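Trainee: Could you take me through the ligand site in this one, slowly and in some detail? I'd like to see what surrounds the ligand and what kind of space it occupies.

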Amino acid sequence: MSPASAGVLVRAPGKINLALRVGPPDEDGYHPLATVFQAVSLHEDVLATPAAELSLAVTGRGADLVPTDGTNLALRAARLLQEHAGVTEGAHLEITKQVPVAGGMAGGSADAAATLLALEQLWQLGLERSELVELARQLGADVPFALTGQTAIGTGRGDVITPAMCRGSYHWVLAVQDTGLSTPEVFAAFDDDGGRLAEQPQLDDELIAALLDGDPLALARHLVNDLEAAALDLRPELGDVLAATERAGALGAVLSGSGPTVAALAVDAAHAESVAEVVRAAEVAGDVLVATAPVPGARVLEAVGDVA
Ligand code: C5P
């Protein structure tokens, strides 16, 4: 018999969108996207241990806001993997959160990606990576990126991932709100606004060039999010957050995904701390965090307590 581990710990990152261009909805109501994802150093840790049935416990930032019933994306990932691979055993999942809940940073998607990887290892399924990516796509548009991490371009519904060349390390200030925004509601507000006219959303070449050059000043000039106006309609106070990051001397700022988190770019780690302090003092956010990027996608940190 091959060795089995008593537990597998996997870490997956949250993300921000450096650019998010949105086209008109298709017949399923989904919008074609052209986006640049960057994985940031706020992580979700998922520890999977053997059990007869599937179960879940959640701790960390915003844990009390996370559903632990069958709607939880990590449990849905576990069930999808069970069905795909014909697995009859269960597992206990312990999620430790750092990524804000419903913040536009894909924390739930990171949980799902980490769960797929952890259970693939725990159950020793020997799946191809492409199979995990396909399962990830079925769970949600942001889940494949959580597997890939680093900096990447997302097309299709945001679920078709191409790694992007990116030099250097970026320092972000993340203004997080206590109350999240619902992604479908933000897309619906975007549609009500008339949305964008372009059938096929396009990324700006300048943004891609800035990443290639590792130039934070140029990157800051090209941060863009087509959902920003819709999110501001739903949550006008986000205008105060964007203004506060500008007053604090950030190079630029952008709404992440469907919000409400605002990501502001700083020159270096010390600058990020000073921007964060000023934004905190402005009392426009529930919390103000700093993070570096890019960081890797979902990865096994350790197989705990290997047994023969
Ligand atoms: O794929 P995911 O479950 O994360 O998407 C949540 C919701 O966001 C969808 O139900 C849809 O309303 C909206 N969405 C969209 N177009 C996309 C991605 C998400 O309209 N490309």
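**The ligand and its pocket**

Mentor: Sure, let's start with the shell. The residues around the ligand are Gly 29, Tyr 30, His 31, Leu 33, Gly 140, Ala 141, Arg 157, Thr 183, Pro 184 and Phe 187. Keep in mind that this is a predicted model. If you sort that shell by character, you get five nonpolar residues, four polar ones and one charged one. As for secondary structure, the biggest contributor to the shell is helix H5, which spans residues 183-192 and supplies three residues.

Now for the polar contacts, one at a time. Tyr 30 uses its side chain: an N or O atom there is 3.1 Å from an oxygen atom of the ligand. Ala 141 works through its backbone instead, with an N or O atom 2.9 Å from a ligand oxygen. With Arg 157, look at the backbone too, as a polar atom there sits 3.0 Å from a nitrogen atom of the ligand. Taken on its own, the ligand has 460 Å² of accessible area, and the protein covers 74% of that.

Next, zoom out to the space itself. The ligand takes up the largest pocket, and that pocket has a volume of about 1,100 Å³. Its lining is made of 43 residues, and those nearest the centre are Leu 73, Ser 109, Asp 142, Thr 183 and Pro 184. Several elements give two or more residues to this lining: strand S1 (4-22), strand S2 (33-51), helix H1 (73-85), helix H2 (107-122) and H5. So who gives the most here? For the pocket lining, H2 does, with four residues, whereas for the shell around the ligand that role goes to H5. Thr 183 and Pro 184 are worth clicking on, since they appear among the residues around the ligand and also among those nearest the pocket centre. By character, the lining divides into 20 nonpolar, 17 polar and six charged residues.

While you have the model open, a few backbone details can be checked as well. Gln 124 isn't a glycine, yet it has a positive phi of about 50°. You'll find Gln 124 in the loop between H2 and helix H3 (129-139), and H2 is the helix we just met in the pocket lining. Then there are two cis peptide bonds to look at. One joins Gly 259 and Pro 260, with omega about 5°; Pro 260 is in the loop between strand S9 (252-255) and strand S10 (262-266). The other runs from Ala 293 to Pro 294, with omega near 0°, and Pro 294 belongs to the loop between strand S11 (287-293) and strand S12 (299-307).

Conventions: Residues numbered from 1 in each chain as written. Predicted model: local features only at pLDDT ≥ 70, side-chain atom pairs only at ≥ 80, totals over all residues. Heavy atoms only, no water. Near = heavy atom within 4 Å. Polar contact = N/O pair within 3.5 Å; in protein donor to acceptor, adjacent residues only side chain to side chain. Areas by Shrake-Rupley, 256 points an atom, 1.4 Å probe, with all protein chains shown as cover. 1 Å grid on protein atoms, 1.4 Å probe; cavity = no way out; pocket = protein on both sides within 12 Å on 5 of 7 lines; lining within 4 Å. Sits in = over half its atoms within 2 Å of the grid points. Nonpolar A, V, L, I, M, F, W, Y, C, P; charged D, E, K, R; others polar. Points joined across faces, edges and corners; volume = space filled by probe spheres on them.
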